[in-house]
Amino acid sequence: MKTNNQLPPAAHPTLYWHTLADGRLQCDVCPRECKLHEGQRGLCYVRGREGDEVVLYSYGRSSGFCVDPIEKKPLNHFLPGSSVLSFGTAGCNLACKFCQNWDMSKSREMDTLADSAMPVKLAETALELGCRSVAFTYNDPVIFLEYAVDVAKACRELGVKAVAVSAGYIQDAPRREFFQYMDAANIDLKGFTDAFYRKICGGELQNILETLRYVARETDVWLELTTLLIPGENDSDEELDAMSRWVVSELGPDVPMHFTAFHPDWKMRDTPATPPETLTRARQIALTNGIHFAYTGNVHDPAGGSTFCPNCHEVVIERDWYQLGFWGITSKGRCHVCNFTLPGVFEAEPGHWGPRRVPVKLLE
């Protein structure tokens, strides 16, 4: 049954905070643990103190909606070829100098959130548009946790999947609630040194690693990783070797790794774009260290974008950018050549959305 699209609240109550001895309220969603006086907002900007509670200001509000190929998230092993209704809000709890969505993630203007959709309405719209999933993306959904969880719950009622595109910078208790309702996640492993996270991202590597371990070991969420390679910052052989060895050891060889190209943006406009050969080198290091599925992104590289069977090394999904070509996965999710079961969430036939990106307004 169709529901009316309710107006979003000006402020939505939240759970993860507590009162300090000096009267300030500490937000407990992420490791920043912002300590707030009356009227103050956290670094993320969308969580702040009103009276004796911490509230969320972006519940039901979006910077816009778009139907994308699922491969754009990027997810290569989750319903390939299908369409996903994507949206974000404003703000972020990291401070990445290279942010490629800075106009939304760094926004301090609530006018950025011009579009609105309450959870049930959003789930219904995804279903009507033929989207197999809804993605929380463009900025990090952990900062609008309550909204994302409610959307995911509404989607689950209608058989629509929920996808989180996140940096994974989140504390243990909210982490458990958040991922309980997600079906797939692409988490940014932005680098593999504490120095990189502190200097470039304003965060801590260890918390990200804890999130990755939790998702891989304690949930049924389909997980893929993305690393944006920045020349001279996180692209050395030594760092890529250590990162991919850690993934194999701690998460397992079947977690796909995406190595994507940086372009000058935000506060790193003087840093050169990533050469394609850097991505090829990173992919080869990961494969040599035992990663079964390593991909290149943001460059034209059909070989680096395609999926190969780790058992017989034949192509099982051919990709050119976001366009699927040859499909070599059987109706039982096995390699067409050697019958090896491929890890992921596959259906008997691939989707046919293709590379289109279509902005949408929610249906009335």
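**Note on the predicted model: sheets, cysteines, enclosed space and a buried helix**

1. Three strands make up an open sheet in the order β2-β3-β4, and their pairing is antiparallel. The edge positions belong to β2 (17-19) and β4 (35-36); each has a single partner strand, so one side of each is left without a neighbour in the sheet. The structure discussed here and below is a predicted model.

2. Within this sheet, β3 (residues 25-27) and β4 are antiparallel and pair over two bridges. The register of the two strands can be read from Leu25, which stands opposite Leu36 in β4.

3. A further set of pairings involves β1, β5 and β6. Strand β1 (residues 12-13) pairs with strand β6 (residues 53-56) in the antiparallel sense, over two bridges. His12 has Leu56 of β6 as its bridge partner. Strand β5 (residues 47-50) also runs antiparallel to β6, and four bridges join these two strands. Here Glu50 stands opposite Glu53 in β6. The hairpin of β5 and β6 has two residues between the strands, and in this hairpin Gly51 takes a positive phi near 65°.

4. The cysteines deserve a separate comment. How many disulfides does the structure hold? The number is zero. For Cys30, the closest cysteine sulfur is that of Cys34, and the distance of 6.1 Å is too far for a bond; the cut-off applied to a pair of sulfur atoms is 2.5 Å. Cys30 is buried, its relative accessible area being 9%.

5. The sulfur of Cys96 has its closest cysteine sulfur in Cys201, at 3.8 Å, which is again too far for a bond. Cys96 is buried as well, with a relative accessible area of 6%.

6. Enclosed space comes next. The structure holds one cavity of 30 Å³ or more. The volume of the largest cavity is about 120 Å³. Thirteen residues line the largest cavity, and the closest to its centre are Cys27, Cys30, Cys34, Cys44 and Arg47. The pair Cys30 and Cys34, whose sulfurs are 6.1 Å apart, is therefore part of this lining. By residue class, the lining of the largest cavity divides into eight nonpolar, two polar and three charged residues.

7. Helix α2 (residues 119-128) has seven of its 10 residues buried, so this helix is largely enclosed by the rest of the structure. The buried residues of α2 are Pro119, Lys121, Leu122, Ala123, Glu124, Thr125 and Ala126. Lys121 and Glu124 thus appear in the buried list of α2. Among the elements that cover the buried residues of α2 are β8 (65-69), β9 (83-87), β11 (133-136) and α3 (145-158). Just after α2, Gly130 takes a positive phi of about 80°.

8. Two of the elements that cover α2, namely β11 and α3, are linked by the loop that contains Thr137. Is Thr137 buried or exposed? Thr137 is buried, with a relative accessible area of 7%. Leaving aside residues up to four places away in sequence, Thr137 touches Lys73, Ser86, Phe87, Gly88 and Val165.

9. Another open sheet of three strands has the order β17-β18-β19, with antiparallel pairing. Its edge strands are β17 and β19 (323-327), each of which pairs on one side only. Strand β17 and strand β18 (residues 315-320) run antiparallel and are joined by two bridges. The bridge partner of Phe308 in β18 is Val315.

10. The second largest pocket has a volume of about 160 Å³. Which residues lie closest to its centre? Of the 13 residues in the lining of the second largest pocket, these are Leu287, His292, Phe308, Pro310 and His313. The elements giving two or more residues to this lining are α8 (276-288), β16 (294-297) and β17 (307-308). The lining of the second largest pocket comprises eight nonpolar, four polar and one charged residue. Phe308 accordingly has two roles in this description: Phe308 is a bridge partner of Val315 in β18, and Phe308 is among the residues closest to the centre of the second largest pocket.

Terms used. Residues are numbered from 1 along each chain as its sequence is written. This is a predicted model: local features need pLDDT of at least 70, side-chain atom pairs count only at pLDDT 80 or more; totals for chains, interfaces and linings use all residues. Side-chain values use heavy atoms; hydrogens and water are left out. Buried means under 20% relative accessible area, exposed over 50%, partly exposed in between (1.4 Å probe, protein chains only). Two strands pair if DSSP finds at least two bridges between them. On a 1 Å grid over the protein atoms alone, a cavity is a set of points where a 1.4 Å probe fits but cannot get out, and a pocket is an open set with protein on both sides within 12 Å along at least five of seven lines; lining residues have an atom within 4 Å of a point. Grid points are joined across faces, edges and corners, and a volume is the space filled by probe spheres set on the points. Ala, Val, Leu, Ile, Met, Phe, Trp, Tyr, Cys and Pro count as nonpolar, Asp, Glu, Lys and Arg as charged, and the others, Gly among them, as polar. Contact means heavy atoms within 4.5 Å.
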